[in-house]
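I am keeping these notes as I look up one thing after another in the structure, and I write each entry as a whole thought so that I can follow it later.

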Amino acid sequence: MKNTIIYVIAVIAATGGLLFGFDTGVISGAIPFFQKDFGLDNSMVELVTSAGLVGAILGALFCGKITDILGRKVVILASAVIFTIGALWSGFAPSIEQLIIARLFLGIAIGVSSFAVPLYIAEISPANKRGSLVSMFQLMITIGVLASYLSDLMFADEGDMSCWRPMFYIGVVPALILLIGMAFMPESPRWLISRGRDEEGKSVLARIEGNEAMEDSYKTIKNELIKSEKDKSGIKELMKPWLRNAVIIGVGIMFFQQFVGINTVIYYSPKIFLMAGFDGAVSAIWAAVGVGVVNLLFTIVSVYFVDRLGRRKLYFTGLTGIFVSLLLLGICFTHFSYLGEMGKWLSIILVFVYVAFYAISIGPLGWLIISEVFPQKVRGLGSSLGSLSVWVFNTVVTFTFFKIVKAFTVEGTEIYLDGENLGNLAGAFWFYAIVALAAIIWGYFYVPETKGVTLEKIEEYWRKGGKPRHLR
């Protein structure tokens, strides 16, 4: 019974991940249509796309402390309300300025849910299931991305440039599911106990772990809270020497998660496939649906193996595959004019391979690890810092993608679409490949093996000055 309860709680909370994925992915299929509808150039498209990311930065920046004060559940419920309003506003937007503001507003909910949801799931999960349950957040992100591509495909009509509007409206449905579902979910037991609401916390622990395991968990949580009584919960606490490794891990893993270039594929996949030789926006969206399917299937693989093989094995397997596939993609686009039709299909296969390796490794592991490495007193703030980092890096990558493509294009290899010089993707893919190689080296020293280790033991390990790669 307790296993059923914990999975129900995790699935409902992870709907925040589905919204995250949907509202970040839906923009990709909408771009070709609102770009023509409003008459925008690529720089303006980057601005619209980046508006949601700036909103996510604001959400992650200001809600960390609030999450520690008001609780995880309340903040997730607030994000569901913003998701609902933001989806309606985006679809209704009568001008490009309104669309930018609507995406900025909706982005706040994306930023909030990106740290509050995995944090909530991590704190409510037993140690032996925490990896797979928190990874369910990433799984829901991939479901959301795929759902957004299918929504785009369903409404795409090259004879109607306003068809992008219902693509955004559909986001209201999962937002309402999250709002209604979370209203019936319990608060995080660790947060309740940290606020002196011990009996409520013990009641939730008993529901999810059973009465016998509840007593042990309660004592462990209480002991760690006693140790940290003198600790403050502000940003200065995160700067203390004993938490330096946790901060480096939280920021570092999110840097590499973004700078291997994944969201250039998520946001701009139809555009990339048009550059690869696909005819028309609808056929390019079909190819993007393939990206969503691969992302989903291999995230399921990651969820299955993360508590069996561990974090480090998945990390190094995935980053090695990312490095090789990006290297080959660069070669493919370098010889684009010689490969012809074969180049089109080779590029889509390599994009699928790249997405697959990302989905089994640093995609879900980033969100999982930032929810594990920070102590109870500053876990909301620490997770917020990791989430803030991901949105800052995401914004930089998204806003600079076409600029990097142009800057690294070798003369004579340019790709033209409808008479426009779009540059060549090869240099950009090689740039992201170099980042992937750096991620492998960094990961050897800083990616901890947290499989089966309780959150309280991880905190104790940092207090003793332990090195990340020796954590077991």
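**Entry on cavities.** I searched the whole structure, which is a predicted model, and found three cavities of 30 Å³ or more. I then turned to the largest cavity, which holds about 190 Å³ of space. The idea behind such a search is a simple one: rolling a probe the size of a water molecule over the atoms shows where empty space is left.

Which residues lie nearest the centre of the largest cavity? I noted F20, Q138, I141, N263 and Y358, out of 17 residues that line this cavity. I also looked up the elements that give two or more residues to the lining, and these are α2 (15–38), α6 (130–155), α13 (244–259), α14 (262–275) and α20 (379–407). Helix α14 supplies the largest share of the lining, with four residues. When I sorted the lining by class, I counted ten nonpolar residues and seven polar ones, with no charged residues.

**Entry on two helices from that lining.** I stayed with α13 and α20 and picked out one residue in each. Q258 has its place in helix α13, and I class Q258 as buried because its relative accessible area is 3%, where buried means under 20%. From Q258 to L88 the chain runs over 170 residues, and their C-alpha atoms are separated by 28 Å.

V397 is found in helix α20, and with a relative accessibility of 2% it counts as buried. V397 and F259 are 138 residues apart in sequence, yet I find their C-alpha atoms 6.6 Å apart in space.

**Entry on salt bridges.** How many salt bridges does the count come to? I get ten salt bridges by the rule used here, and I followed some of them one by one.

I began with E372 and R130, whose side chains meet in a salt bridge at 3.0 Å, N to O. E372 lies in the loop between α19 (362–370) and α20, while R130 lies in helix α6, so this pair ties together parts that are 242 residues apart in sequence. I checked whether the two partners are buried or exposed, and both E372 and R130 are buried.

Next I took R311 and D307, whose side chains also meet in a salt bridge, with 2.9 Å from N to O. R311 counts as buried because its relative accessibility is 0%, and D307 is buried too, with a relative accessible area of 18%. Salt bridges that share partners join R130, D307, R311 and E372 into one network, and I have marked these four residues together in my drawing.

The last pair I followed is K222 with D198, a salt bridge in which the closest N and O atoms are 2.8 Å apart. This pair links distant parts of the chain, with K222 in helix α11 (residues 211–227) and D198 in helix α10 (residues 198–209), 24 residues apart. I asked how covered each partner is: K222 is partly exposed, with a relative accessible area of 27%, whereas D198 is buried, with a relative accessible area of 14%.

**Entry on the nonpolar surface patch.** I looked next at the outside and noted a nonpolar surface patch of about 410 Å², made by V54, L58, L61, F62 and L104. Which helix gives the most to this patch? Helix α3 (residues 42–70) does, with four residues. L104, which is also part of the patch, lies in helix α5 (residues 96–124). I class L104 as partly exposed because its relative accessible area is 30%.

**Entry on two loop residues.** I finished with two residues that have their places in loops. E449 sits in the loop between α21 (426–446) and α22 (455–463), and at 11% relative accessibility I count E449 as buried. E449 and H470 are 21 residues apart in sequence, and from C-alpha to C-alpha they are 7.8 Å apart in space.

V410 has its place in the loop between α20 and β1 (416–417). V410 counts as exposed because its relative accessibility is 55%, and exposed means over 50%. Between V410 and W286 I noted 124 residues of separation in sequence and 29 Å in space, C-alpha to C-alpha.

Definitions and conventions. Residues numbered from 1 in each chain as written. Predicted model: local features only at pLDDT ≥ 70, side-chain atom pairs only at ≥ 80, totals over all residues. Heavy atoms only, no water. Patch = residues over 30% accessible without salt bridge, like charges linked within 9 Å, V, L, I, M, F, W, Y side chains within 5 Å. Areas by Shrake-Rupley, 256 points an atom, 1.4 Å probe, with all protein chains shown as cover. Buried < 20%, exposed > 50% of the residue type's maximum accessible area, 1.4 Å probe, protein only. 1 Å grid on protein atoms, 1.4 Å probe; cavity = no way out; pocket = protein on both sides within 12 Å on 5 of 7 lines; lining within 4 Å. Points joined across faces, edges and corners; volume = space filled by probe spheres on them. Nonpolar A, V, L, I, M, F, W, Y, C, P; charged D, E, K, R; others polar.
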